[in-house]
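Let's take a walk through this model, starting with who touches whom and ending on a helix.

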Amino acid sequence: TTDITGPGQGYYEAAIAKLNVMYPNAAKVSDQLSEKELTKDSSAADILAAREAYDALSDIEKTLVDPDSVANLLDVEKNGKNSDKLLSKATVAAIVDQEYTGDQIRPTLTVTSADKKTLKEGTDYTVTYNNNVLVGTATVTITGTGDYAGTITAAFDIVGISINDAT
């Protein structure tokens, strides 16, 4: 909060108190993002939870969150010990077009963390597919597990077989 002195101080403090009653989530999130709660040693899951809590606030509520707490969140997301374990910073290697088979298509994925480690399916992440049977664009949702948190998506195309290749 800003320091106000003089005749307007009481009105300012009353207005802030009323806003905190009207928007209690802002105060909770401000505490969650503070250096006391969110540190450079916080897990990827804790960093992600803090980001999701802040993103869930309305625009009005976001203006009530302590700017130092928001700065702390941004710093921990960028420089925290476990920030490289956020899947939002990971990459998925391009998936080549897959030929239609009539069955679910589950291509092998190469997922690389921000610190250039190749992640392992089942250990570091799980995978769900959508629209991965018929010709068209299929999507892959990769969800962090273990030390990793968050999600990242990728897409690949399922292409029809050439009439020349038909037997």
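Contact here means heavy atoms within 4.5 Å. By that yardstick, and leaving aside neighbours within four places in sequence, Val 111 is in contact with Ala 90, Thr 91, Val 92, Lys 117, Thr 118, Leu 119, Tyr 125 and Ile 142. Keep in mind that this is a predicted model, where local features need pLDDT of at least 70 and side-chain atom pairs count only at pLDDT 80 or more, while totals for chains, interfaces and linings use all residues. Residues are numbered from 1 along each chain as its sequence is written, and side-chain values use heavy atoms, with hydrogens and water left out.

Val 111 also turns up in the largest nonpolar core, which has 19 residues. A nonpolar core is a set of buried Ala, Val, Leu, Ile, Met, Phe, Trp, Tyr and Cys residues joined through side-chain atoms within 4.5 Å; buried means under 20% relative accessible area and exposed over 50%, with partly exposed in between (1.4 Å probe, protein chains only). Along with Val 111, the residues with the most contacts inside this core are Leu 87, Leu 109, Tyr 125, Val 140, Ile 142 and Phe 156. Strands β4 (125–130), β5 (136–144) and β6 (151–159) each supply at least two of its residues, and β6 gives the largest share, 4 residues. (Strands are DSSP runs of E, at least two residues; helices are runs of H or I, at least four; both are numbered from the N terminus.) Apart from this core lies another, of 16 residues, among them Val 29, Ala 44, Tyr 54 and Val 65.

Now for helix α5. Its buried residues are Ser 69, Val 70, Asn 72, Leu 73, Val 76 and Glu 77. They cover an arc of only 155 degrees around the axis (taken from the directions from the helix axis to the C-beta atoms), so they sit on the same side of α5. What covers them includes α2 (24–33) and α3 (44–55). The face turned away carries the exposed Pro 67, Asp 68 and Lys 78.
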